[in-house]
Amino acid sequence: MKKSRIIGVGHYVPENIITNEYLSTIMNTNDDWIVERTGIHERRWFTPGKDTVTSMSVTASKMALERAGLLAKDIDFIVFATITSDYFLPGNGVLLQRELGMNGIGALDIRNACSGFIYALSVADQFIKTGMYKNILVVGAEIQSSALDKSDEGRSSAVIFADGAGAAVLSAVEADEPGILSTHLHADGAHAEELYCIAPSSSNKVRVSAELIERGDFFLKMNGNAVFKHAIVRFQEVIDEALKANGKDKSEIDLLVPHQANLRISNYIQQKMGLPDEKVFNNIMYLGNTTAGTIPIALSQAWEQGRIKEGDLVCLAAFGSGFAWASALLNW
């Protein structure tokens with residue numbers, strides 16, 4: 001049986017830098033309040049008319065392909081993770097496929113929000129293991145800033161979420177080569193309304209109306225306390241699950257790349273695991289929470305900075321809306 005291996009990563013973040021100081025001019029907040037609760041100093045928001053989920057993912061994908069030494073024609077399948085597709089339908093996978101000239105190949109969309117990239121990675125991994133495809137492009141991309149309530153009422157989530165795209169190329173390798181060891185996926189829909197955006201909804205009489213807009217149904221809503229309490233438990237559980245499944249100890253991890261939900265969550269998990277700073281990668285401080293984009297963006301930056309080397313044991317973990325959580329353990 002073949003194994004899948006990440007052979008190239010890429011990313012794109014908008015040029016529009018949104019500082020905490022700027023946010024303090026449009027809502028009742030300040031730098032100290034934001035940093036204390038999230039660890040974020042600045043984030044990137046898209047430029048309307050320039051950035052789209054598609055355009056960002058095209059740039060990230062081209063970077064990943066170049067680093068992988070492959071051309072667009074070499075890709076057999078696309079798995080695209082986003083909850084902020086450019087269109088209500090179709091999904092963003094086919095839009096990316098069109099822009100990259102990958103006509104005819106399949107494109108699958110994943111809507112698992114914060115854990116979306118690991119879910120997408122897991123799906124791609126299964127396709128490669130079964131021999132169905134050889135090279136798969138896996139993307140996580142979001143534009144969240146347009147769904148934020150940038151008023152005092154919505155500040156707890158408006159200061160966290162951001163925009164960006166990341167991509168990874170998975171390729172089939174021999175079973176004894178470095179690659180993905182295992183992936184682990186979980187969900188609990190009992191908590192769906194703790195982090196959600198209710199509109200547009202097909203179950204409303206109409207998908208868009210003045211009443212829905214006035215009621216704020218198009219804004220992202222989050223119960224931050226509930227998310228934090230569940231995240232610190234599920235993160236640890238799913239990381240331990242990955243280590244146990246492969247007979248590994250936490251001390252063997254060369255780099256933990258957690259979903260960038262909140263720096264307090266990442267720091268808590270790091271402390272519980274007893275990992276030194278050099279074994280945990282965080283970029284939320286200057287990029288915010290880009291939902292499905294956080295892990296592939298972080299992987300791309302970590303590779304650029306020399307934080308990941310060939311053969312390293314890398315653990316990916318995510319928790320978020322759904323609630324859904326996931327992990328992946330791999331040798332780079």
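This passage describes two sheets and the helices that lie on them. The model is predicted, with local features requiring pLDDT of at least 70 and side-chain atom pairs counting only at pLDDT 80 or more, whereas totals for chains, interfaces and linings use all residues. Residues are numbered from 1 along each chain as its sequence is written, and side-chain values use heavy atoms, with hydrogens and water left out.

An open sheet of five strands (E in DSSP, at least two residues, numbered from the N terminus) follows the order β1-β7-β6-β4-β5 with mixed pairing, where pairing requires at least two DSSP bridges between two strands. Because β1 (3-12) and β5 (106-110) occupy the edges with a single partner strand each, one side of each lacks a neighbour in the sheet. The twist averages 20° from one strand to the next; axes are lines fitted to C-alpha atoms, for helices over the stretch in contact, and angles run from 0 to 180 degrees between N-to-C directions. Strands β4 (residues 77-81) and β6 (residues 135-143) are parallel and share five bridges, and Phe-80 has Val-139 in β6 as its bridge partner. Helix α3 (residues 53-68; helices are H or I runs of at least four residues) touches β1, β4, β6 and β7 (contact: heavy atoms within 4.5 Å) and makes about 125° with β1. Helix α11 (residues 294-304) lies across β1, β6 and β7, at about 90° to β1.

The open sheet of four strands has the order β8-β13-β12-β11, again with mixed pairing. Strands β12 (residues 313-320) and β13 (residues 324-331) pair in the antiparallel sense over eight bridges, with Leu-316 opposite Ala-328 in β13. Helix α5 (residues 116-129) lies across β8, β12 and β13, running at about 130° to β8.
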